[in-house]
Amino acid sequence: MAIYRLERKSISRGNNHNLVAAVAYRAGLKLTDNNKFNKDARTHDYTKKTDVAHSEILLPDELAEQMRDVGLTVNFEEIANLVEKGETTLRGRMKEGAKLANEYVLAGSHELSLEENIKAFQEFAIQQAEEQNV
């Protein structure tokens, strides 16, 4: 019998989270926080992590098509920095209680291969993106 685990968490400044750091950690990447309003902005390097099985950006079909039509691409650093920058006030201060992102923690079935688990998670993420228009 296949058993899985799904948990949803919020990444927010109210809990002292930084989205660039969170994305870098989860994807095992080196990302730089470019938010000029963040006095603690720096580069977060998690490239030595060995437990990242897969990382990928999935977009709703309509958005992916629109971006493709105008020749735009995105990466983890650009997305995280856009969100961080977007959560500032008109007076140039960081919104201290801003909810920056939702994180889905998925634990796949050990009865499935890594590729099968990734495919199942991709299907789930695409379904969520389409349903929630995110």
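User: What should the 19 residues of H4 span at 1.5 Å a residue, and what do its end C-alpha atoms give?
Analyst: H4 is a helix, and helices (H or I, at least four residues) and strands (E, at least two) are DSSP runs, numbered from the N terminus. The expected span of a helix is 1.5 Å times one less than its number of residues. For the 19 residues of H4 that comes to 27 Å, and the end C-alpha atoms agree, being apart by 27 Å.

User: What kind of model am I looking at?
Analyst: Residues are numbered from 1 along each chain as its sequence is written, and side-chain values use heavy atoms, with hydrogens and water left out. Local features need pLDDT of at least 70, side-chain atom pairs count only at pLDDT 80 or more, totals for chains, interfaces and linings use all residues, and the model itself is predicted.

User: How are the helices and strands ordered along the sequence?
Analyst: The protein has four helices and four strands. Reading along the sequence, you meet them in the pattern β-α-β-β-α-α-β-α.

User: Which residues of H4 are buried?
Analyst: Buried means under 20% relative accessible area, exposed over 50%, and partly exposed in between (1.4 Å probe, protein chains only). By that yardstick, the buried residues in H4 are Asn-117, Ile-118, Phe-124, Gln-128 and Ala-129.

User: How wide an arc do they cover around the axis?
Analyst: The arc is taken from the directions from the helix axis to the C-beta atoms. An α-helix has 3.6 residues a turn, so residues three or four places apart point the same way. The buried residues sit on the same side of H4 because they cover an arc of only 135 degrees.

User: What do the buried residues of H4 pack against?
Analyst: Look away from the other side of H4, where Glu-115 and Glu-131 are exposed. Contact means heavy atoms within 4.5 Å. The buried residues of H4 pack against E1 and strand E4 (99-107).

User: What is the distance in the salt bridge between Lys-119 and Glu-123?
Analyst: Both residues lie in H4 (residues 114-132), four residues apart, which is about one turn of the helix. Lys-119 is partly exposed at 49% relative accessible area, and Glu-123 is partly exposed too, at 47%. A salt bridge is a side-chain nitrogen of Lys or Arg within 4 Å of a carboxyl oxygen of Asp or Glu. Here the two side chains meet, N to O, at 2.8 Å.

User: How many salt bridges does the whole structure have?
Analyst: Two others are worth a look: Lys-39 and Asp-40 meet at 3.6 Å, and both of those residues are exposed. Glu-87 and Lys-95 meet at 3.8 Å, with Glu-87 partly exposed at 22% and Lys-95 partly exposed at 34%. Searching the whole structure gives a salt bridge count of seven.

User: Which residues make the nonpolar surface patch of about 330 Å²?
Analyst: Patches are made of residues with over 30% relative accessible area and no salt bridge: like charges are joined within 9 Å, nonpolar side chains (Val, Leu, Ile, Met, Phe, Trp, Tyr) within 5 Å. Accessible areas come from the Shrake-Rupley method with a 1.4 Å probe, and for residues only the protein chains shown count as cover. One member lies in strand E1 (residues 5-12) and is partly exposed at 42%. The patch is made by Tyr-4, Leu-6 and Tyr-104.

User: Which residues does Val-74 contact, leaving aside its neighbours within four places in sequence?
Analyst: Val-74 is in the loop between helix H2 (61-70) and helix H3 (76-86), and is partly exposed at 31%. Its C-alpha atom is 10 Å from that of Leu-58, 16 residues apart along the chain. Its contacts beyond those neighbours are Ile-57, Met-67 and Ile-79.

User: What phi does Asn-16 take?
Analyst: Asn-16 belongs to the loop between E1 and helix H1 (19-27), where it is exposed at 73%. Although Asn-16 is not a glycine, its phi is positive, at about 60 degrees.

User: What phi does Asn-133 take?
Analyst: Asn-133 comes just after H4. Its phi is positive, at about 55 degrees.

User: What share of the residues counts as buried?
Analyst: The C-alpha trace spans about 55 × 35 × 25 Å along its principal axes, and the protein exposes about 9600 Å², with carbon and sulfur atoms supplying 51% of it. Of the 134 residues, the share that counts as buried is 25%.
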